[in-house]
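Got the viewer open? Let's walk through this one together, one selection at a time.

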Amino acid sequence: MSDPAHRSDRFGERLRRPLWCYLWAAPNSLAGLLLAAIACGAGASVRHVDGTLEVADGRIMRWFARPQRAFPFCAITFGHVILGLDHALLARVRAHEQVHVRQYER
Ligand SMILES: [Zn+2]
C-alpha cells in the first residue's frame, strides 16, 4: 500500500525499538557490520529478526564450529548485529543475545 500512515507503521514495526537505541549502539553495530561483511564474503547469510541483523552460516562460521577452534563461541552480539554459527542455533539463543542487544542500548 502507498498510504504514508501504513508505510510509517511498517517502518516502526521493522525497527522494533526507538531510533535513539540504534544511534546509541551504532559504534558497536558498525563493528558488527564490518565482521558481518567479512562473514558474508565467505558465504554467510543475513536475516532481519526482532530489530537486529542475524548473520550465520558460511565458511568462516563453519571454521568457528570446529572443536579445536581458537576462539570458542556459538553466537556473539555487537550492537544490533548478532553473529552465529548457523541460523538454527541463533533461533535457540535469540532470547539470550537479545539481552546483550538491550545492554548495548543502555
Ligand atoms: Zn551472553
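Select strand β2 and strand β4 (residues 81-84): the two pair in the parallel sense, over 4 bridges. What you are looking at is a predicted model. For a cross-strand pair to click on, try Glu 54, whose bridge partner in β4 is Ile 82.

Now keep β2 and add strand β1 (residues 45-49). These two run antiparallel and are joined by 5 bridges. Glu 54 turns up here as well: Arg 47 stands opposite this residue.

Is β2 enclosed or open? Color residues 52-56 and look around them: 4 of the 5 residues of β2 are buried, so the strand is largely enclosed by the rest of the structure.

Next, go to the turn of the hairpin. There are 2 residues between β1 and β2, and Asp 50 sits in that loop. Asp 50 isn't a glycine, yet its phi is positive, at about 50 degrees. Why pause on that? Most residues other than glycine have a negative phi. Asp 50 counts as partly exposed, because it has 14 C-beta neighbours inside 10 Å.

There is another positive phi to visit. Follow the chain out of β2 to the loop before α4 (59-64), where you'll find Asp 57. Asp 57 isn't a glycine either, and its phi is about 70 degrees. Is Asp 57 buried or exposed? With 21 other C-beta atoms within 10 Å, Asp 57 is buried.

Time for the core. Select Ala 39, Val 55, Ala 56, Val 81, Ile 82 and Leu 83: in the largest nonpolar core, which has 13 residues, these touch the most other members. Which elements give two or more residues to this core? They are α3 (26-41), β2, β3 and β4. The largest share comes from β4, with 3 residues. As a rule, in soluble globular proteins, nonpolar side chains tend to be buried together.

Zoom in on Val 81 and show what surrounds it. Leaving aside neighbours within four places in sequence, Val 81 is in contact with Ser 29, Gly 32, Leu 33, Ala 36, Thr 52, Leu 53 and Val 55.

Now select helix α5 (residues 87-105) and turn it side-on. How far apart are its end C-alpha atoms? They are only 23 Å apart, although α5 has 19 residues and a straight helix would reach 27 Å at 1.5 Å a residue. Click on Val 93 to find a bend of about 65 degrees in α5.

Stay with α5 and pick out Leu 90, Glu 97 and Val 101, which are buried. What do the buried residues of α5 pack against? Show β2, β3 (75-78) and β4 alongside the helix, and you have the packing partners.

Finally, zoom out and switch to a cartoon view. The protein has 5 helices and 4 strands. Trace the chain from its start and you can tick off the pattern α-α-α-β-β-α-β-β-α. Color by burial and you'll see that buried residues make up 24% of the 106 residues. One last thing to look for is how the chain meets itself: among contacts with a separation of 6 or more, 54% are between residues 24 or more positions apart.

Key. Residues are numbered from 1 along each chain as its sequence is written. This is a predicted model: local features need pLDDT of at least 70, side-chain atom pairs count only at pLDDT 80 or more; totals for chains, interfaces and linings use all residues. A residue is buried if 20 or more other C-beta atoms lie within 10 Å of its own, exposed if 12 or fewer, and partly exposed in between; C-beta atoms are placed from the backbone. Two residues are in contact if their C-beta atoms, placed from the backbone, lie within 7 Å. Two strands pair if DSSP finds at least two bridges between them. The expected span of a helix is 1.5 Å times one less than its number of residues. The bend at a residue is the angle between axes fitted to the seven residues ending there and the seven starting there. A nonpolar core is a set of buried Ala, Val, Leu, Ile, Met, Phe, Trp, Tyr and Cys residues joined through C-beta atoms within 7 Å.
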